[in-house]
Amino acid sequence: MNKRLLLGAEAIALGALDAGISGVYAYPGTPSTEITEYIQKYSQDHHSPVRSAWSANEKTAFEAALGMSYAGKRSLVCMKHVGLNVAADAFINSAITGVNGGLVTAVADDPSMHSSQNEQDSRVYGKFAMLPVIEPASQQELYDATREAFDMSESLRLPVLLRLTTRLSHSRSIVESAPERPQNQLNPIYAPERYVLMPHNARRQYEHLISVQPRLEEFSKHSWLNTLIPGNGKTGVIAFGIAFNYVMEARELFDLDCPVLKIGCYPLPRKKVEALFGMCETVLVAEEGYPVYEELLRGFFGGREIWGRLDGTLPRTGELDTDSIARAFGRHVNHGLPIPEIVSNRPPELCKGCGHRDLFEALNIVMSSYDDRHVFSDIGCYTLGALPPYNAIHTCVDMGASITMAKGAADAGLHPAVAVIGDSTFTHSGMTGLLDAVNDRTPVTIIIADNDTVAMTGGQCSSATGTRLVEICTGLGVEKEHIRSIIPLKSHLDENITVLGEEIAYEGVSVVIAQRECLENAARKKRNTAANF
Amino acid sequence: MQLNIILAGVGGQGILTIASVINQAAIHKGLHIRQAEVHGMSQRGGAVQSHLRISARKIYSDLISRGTSHLILSVEPLEALRYLPYLAPGGKVVTATDPVVNITGYPDLEAIFAELHRTDRPLLVSAAEHARQAGNIRTSNMVMLGAAAPFTGMTPEELESGIEKLFHKKGADTIDMNIRAFRKGLELSQQQASDT
């Protein structure tokens, strides 16, 4: 017996390692980052030949994982929910080609938006792609189910989507692991009729995908992740994924005698759902995320007594918890003392001494000379520049959108059109937008806040920083004299104001790279070096 | 036994080190653990908390229900107040009194203390001062753990061996310093108990 105290994310990582993966592909994103980090550390400590470096974005990650699967080996690909939007093209089409070596996509959703811009539910993508989806409810289940998912993937010759949410990813529990399975041998598949998705092949493959759907249901029917827990109450619960935990906790805490159907493997196991409905007069649908299956179970014309997020029995948005389940059953939840009125919010902030602070200070001074002060920005620590005292940025939508939105606004006649984007976000999906601007000779100024790392998610390696960013911008066609570098430090304030002022005034494509290492990252490096001696 | 603890603080204060020590002790006793943490954006100087649940039986929820936390252990006084709805009747609040003032309109400290005193015999600890006496201000966490030790379901010995395990790579000096800090906190707690 091998027991470890692991985060949910780490349990996935260990499950994948023990299932014999040859590679993990990922772009950092809360709450998924720790999966890949665990594998990186494990590979380093064990000198194990598992490929684990960060990818430039989720699409490149997914495609590389598909390529490894094509070559016969097992691969894991990890991302946060919005990352699946970026990888969606590859993800959906991998269902049409199918896989060779086992391929599991672990996607961490973020209901309540702790660190995200929406709470989209990845199970919808699973249905959309017609792929099997698993949604374990505990750290141990994550380990066991991840291991099995690779067998399932190889047996169905389809990628498997593993969905989890923030709480499970970032909560620790003791996980017992099983012996490691060896990696697959190199065994590339020669099957152009599957992998060349020209229409004549794609049509056949799509028919095939539809024809195997009953096999997916067979898996669900027999899956240990779907279990019916008996009870005598007239109200039953279908509890999906982590919602099961809250239902069981409420059952104990509030003495609820309700039958519970736990769902952790999709498509829905029809017989088990029918069995639950046969036992009860009403059914509460408890889903963490969108009311995806509540809608399906209600159907267009309704009929059955179904409670859930859509009728307000459970909150329409945000995470569930034990208390929301208890309230759904009409139980009174005893709160402790109320939060005193003097307690103010404590939002996150840029670290003291962070280079982004000096960048925003200089930028605000330059922008104050214009009537129209719009700064398009992006996703990273620098997004905190939207908050006081800086209020320096005015948009943050999706990875890379700062550059393209600035371009569109410039096309509409806005001047100046300024974008602020981090080094890693730039290589993730900013470069193509810059190419558009260059090709169109759009008057935009792109400020790359280069802190040498993916800082917000905890300091992962960035795909390109420093002089490589200059080379990339040059290669994309930005004029050399309009690629400027500054050092965001207080002592450089005057100089930085001058450079930013000149380039923002310039009516063409200009890039200002503000280069200074993330303080947290520098401190981390120092600690690691100290630990190694 | 079943125990719910809310650990509170500001991003970067290291509340997870406290959780790790309690976890070490709980693992040693063969107990079940669930410990929900905050990663990501809030870690940058925002309010952070960890729900730590320890039980002899299987634990389902990673989150503590409102009104069921036996202990709120905070390394910052304002943050202790944020989680009062979670406190069980008769639950204990143990908090450091050293404020982290990184927001405008940080409330008056006396007002914060007055609110804390609405709970049942809260233990307020000048953690930084005691940590300095132990040899390093960075041991504030261990002062707080010591002060909260009687409410963690673990004996001081079990927690001390947890500290040893956690810091064993850092050498004997670091272990000693952290145990000194832990014992300072423990003394304060014992003093409060004997004042009754």
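# Why the labels fit: chains A and B

Colleague: How many residue pairs are in polar contact across the interface of chain B and chain A?

Modeller: This is a predicted model, and across that interface the rule finds 23 residue pairs in polar contact, with both residues at pLDDT 80 or more. On the chain B side, at least two residues each come from helix 1 (15-28), strand 2 (32-36), strand 3 (47-55), helix 2 (77-82) and helix 3 (109-116). The chain B residues that touch chain A split into 20 nonpolar, 14 polar and 12 charged.

Colleague: What area is buried between chain B and chain A, and which atoms give it?

Modeller: About 4200 Å² is buried, and carbon and sulfur atoms give 54% of that. Of the area that chain B buries against chain A, M41(B), R44(B) and Y60(B) supply 21%, more than any other three residues. The contact draws on 46 residues from chain B and 49 residues from chain A.

Colleague: Why do R57(B) and E252(A) count as a salt bridge?

Modeller: Their closest N and O atoms are 3.9 Å apart. The cut-off is 4 Å between a Lys or Arg side-chain nitrogen and an Asp or Glu carboxyl oxygen, so this pair qualifies. It crosses between chains, from R57(B) in the loop between strand 3 and strand 4 (69-74) of chain B to E252(A) in helix 11 (residues 243-253) of chain A.

Colleague: Are those two partners buried, exposed or something else, and how do you know?

Modeller: R57(B) has 48% relative accessibility and E252(A) has 40%. Partly exposed runs between the 20% and 50% limits, so both get that label.

Colleague: What makes D323(A) and R66(B) a salt bridge?

Modeller: Their side chains meet at 2.7 Å, N to O, and that is within 4 Å, so the label holds. The count between chain B and chain A is 7 salt bridges, while the structure holds 40 over all chains.

Colleague: What about K525(A) and E517(A): why the salt-bridge label there?

Modeller: The N to O distance is 2.7 Å, which is within the 4 Å limit, so they pass. At 44% relative accessible area, K525(A) is partly exposed, and E517(A) is too, at 29%.

Colleague: Where do R34(B) and D62(B) sit in the chain, and how many residues apart are they?

Modeller: They form a salt bridge at 2.8 Å, N to O. The pair links distant parts of the chain, with R34(B) in strand 2 of chain B and D62(B) in the loop between strand 3 and strand 4, 28 residues apart. Both R34(B) and D62(B) are buried, so each must fall under 20% relative accessible area. Elsewhere, salt bridges with shared partners tie D109(A), D121(A), R123(A), E135(A), R163(A) and E287(A) into one network.

Colleague: Why call helix 1 of chain A largely enclosed by the rest of the structure?

Modeller: Helix 1 (residues 8-18) has 11 of its 11 residues buried, so the description follows. Among them are E10(A), I12(A), L14(A) and D18(A). Just after this helix, G20(A) takes a positive phi of about 85°.

Colleague: Which residues touch the most other members in the largest nonpolar core?

Modeller: L76(A) and I238(A) do, in a core of 106 residues. The contacts of L76(A) include A16(A), Y25(A), I39(A), V104(A) and F150(A), leaving aside residues up to four places away in sequence. Apart from that core lies another, of 56 residues, including C354(A), M367(A), A437(A) and I446(A).

Methods:
Residues numbered from 1 in each chain as written. Chains lettered and ligands numbered in written order. Predicted model: local features only at pLDDT ≥ 70, side-chain atom pairs only at ≥ 80, totals over all residues. Heavy atoms only, no water. Core = buried A, V, L, I, M, F, W, Y, C linked by side-chain atoms within 4.5 Å. Buried < 20%, exposed > 50% of the residue type's maximum accessible area, 1.4 Å probe, protein only. Contact = heavy atoms within 4.5 Å. Buried area = accessible area lost by both parts, 1.4 Å probe. Polar contact = N/O pair within 3.5 Å; in protein donor to acceptor, adjacent residues only side chain to side chain. Helix = DSSP H or I, 4+ residues; strand = E, 2+ residues; numbered from the N terminus. Nonpolar A, V, L, I, M, F, W, Y, C, P; charged D, E, K, R; others polar.
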